[in-house]
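Work through the exercises below with the sequence and the structure at hand. Each task is followed by a solution in steps.

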Amino acid sequence: MKQRPLYEERTGWAWWVHPLILLTLVAAVIPMTEFAKGNVGNGPGAMPFWAAALSFLVGVGIPGGVYSLMGQLRTRITGEHIDVRWGYLELIKKRIPLQDVEKVEPVTYSPLAEFGGWGIRVGRNKKKAWTVRGNRALRLDLKDGTRFYLGSDKPERMLQWLTSAVRRSDT
């Protein structure tokens with residue numbers, strides 16, 4: 001039975017990441033303008049059809065794929081677990097049972113220094129991070145010794161809901 005979340009948070013990329021990714025759409029614009037001019041085909045000076053198709057696929061495929069697989073971090077807290085999903089398609093996911101969590105605290109940290117950046121990261125000493133932007137996270141100390149940094153714009157709010165979920169599961 002699917003449990004309804006007590007709390008849900010979506011964290012998206014920083015504003016400046018979107019224009020960088022969308023710049024790849026330029027690769028799709030080139031063949032579209034050549035099609036409009038009638039310059040795609042086998043004639044002299046024409047863009048070969050395969051080059052136009054490849055350029056269009058790269059220009060649309062790369063931003064579409066990046067957004068679908070990595071565009072956001074979605075966190076759901078239920079009475080039994082923390083469910084973390086990556087991207088709009090939510091193909092990459094992790095479920096952390098509340099019973100595996102030993103300690104929780106909101107932290108400010110350095111993603112570049114500790115993990116080499118944002119994303120799904122593994123650091124030294126059993127440290128892991130799932131972050132999309134910023135330097136705020138909810139740090140979960142798990143019973144197996146792992147420190148899991150869960151990126152959030154509002155880790156204090158997430159902590160309140162997590163504490164509430166643990167209380168509910170104890171009763």
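How many Å apart are the mean positions of the positive and negative charges of the protein chain? The model is a predicted one. Step one is to count the charges: the protein chain has 25 positive and 15 negative charges. Step two is to take the mean position of each set; these two positions are 2 Å apart.

**Exercise 2. Describe the order of helices and strands, then decide whether the chain is a compact globule or more spread out.**

Step one: the protein chain contains 5 helices and 9 strands. Step two: from start to end of the sequence, their order is β-α-α-α-β-β-β-β-α-β-β-β-β-α. Step three: for 171 residues the globule rule gives 16 Å, whereas the radius of gyration of the protein chain is 22 Å, well over that value, so the chain is more spread out than a compact globule. Step four: the C-alpha trace spans about 75 × 40 × 25 Å along its principal axes.

**Exercise 3. State the buried share, the surface and the contacts of the protein chain.**

Step one: of the 171 residues in the protein chain, 39% are buried. Step two: its accessible surface comes to about 10200 Å², and carbon and sulfur atoms hold 59% of this. Step three: take the contacts with a separation of 6 or more; residues 24 or more positions apart account for 52% of them.

**Exercise 4. Classify the ring pair of Tyr-7 and Trp-161, and say which elements the pair ties together.**

Step one: a pair of aromatic rings is described by the distance of the centres and the angle of the planes. Step two: the protein chain has 6 aromatic pairs by the rule used here. Step three: for Tyr-7 and Trp-161 the centres are 6.1 Å apart and the planes are at 20°, and the pair is stacked. Planes under 30 degrees apart count as stacked. Step four: Tyr-7 belongs to strand β1 (residues 7-12) and Trp-161 to helix α5 (residues 155-170), so the pair ties together parts 154 residues apart in sequence. Step five: Tyr-7 is buried, at 9% relative accessibility, while Trp-161 is partly exposed at 32%.

**Exercise 5. Do the same for Trp-86 and Trp-130, and name the cluster that holds these residues.**

Step one: the ring centres of Trp-86 and Trp-130 are 6.1 Å apart with planes at 80°, so this pair is edge-to-face. Step two: Trp-86 is in strand β3 (residues 81-86) and Trp-130 in strand β7 (residues 127-131), so the pair links distant parts of the chain, 44 residues apart. Step three: both residues are buried, Trp-86 with a relative accessible area of 4% and Trp-130 with 8%. Step four: together with Phe-148, Trp-86 and Trp-130 form one aromatic cluster.

**Exercise 6. Find the phi values of Asn-125 and Lys-126, and say where these residues sit.**

Step one: most residues other than glycine have a negative phi. Step two: Asn-125 has a positive phi, near 55°, and Lys-126 has a positive phi, near 60°. Step three: Asn-125 is in the loop between β6 (119-122) and β7, and Lys-126 is in the loop between β6 and β7. Step four: Asn-125 is exposed, with a relative accessible area of 69%, whereas Lys-126 is partly exposed at 46%.

Technical notes: Residues are numbered from 1 along each chain as its sequence is written. This is a predicted model: local features need pLDDT of at least 70, side-chain atom pairs count only at pLDDT 80 or more; totals for chains, interfaces and linings use all residues. Side-chain values use heavy atoms; hydrogens and water are left out. Helices (H or I, at least four residues) and strands (E, at least two) are DSSP runs, numbered from the N terminus. The radius of gyration is taken over C-alpha atoms; the globule rule is 2.2 Å times the number of residues to the power 0.38. Buried means under 20% relative accessible area, exposed over 50%, partly exposed in between (1.4 Å probe, protein chains only). Contact means heavy atoms within 4.5 Å. Accessible areas come from the Shrake-Rupley method with a 1.4 Å probe; for residues, only the protein chains shown count as cover. Lys and Arg count as positive and Asp and Glu as negative; His and the chain ends are not counted. The place of a charge is taken as NZ of Lys, CZ of Arg, CG of Asp or CD of Glu. Rings of Phe, Tyr and Trp (its six-membered ring) pair if their centres lie within 6.5 Å; planes under 30 degrees apart count as stacked, over 60 as edge-to-face and the rest as tilted.
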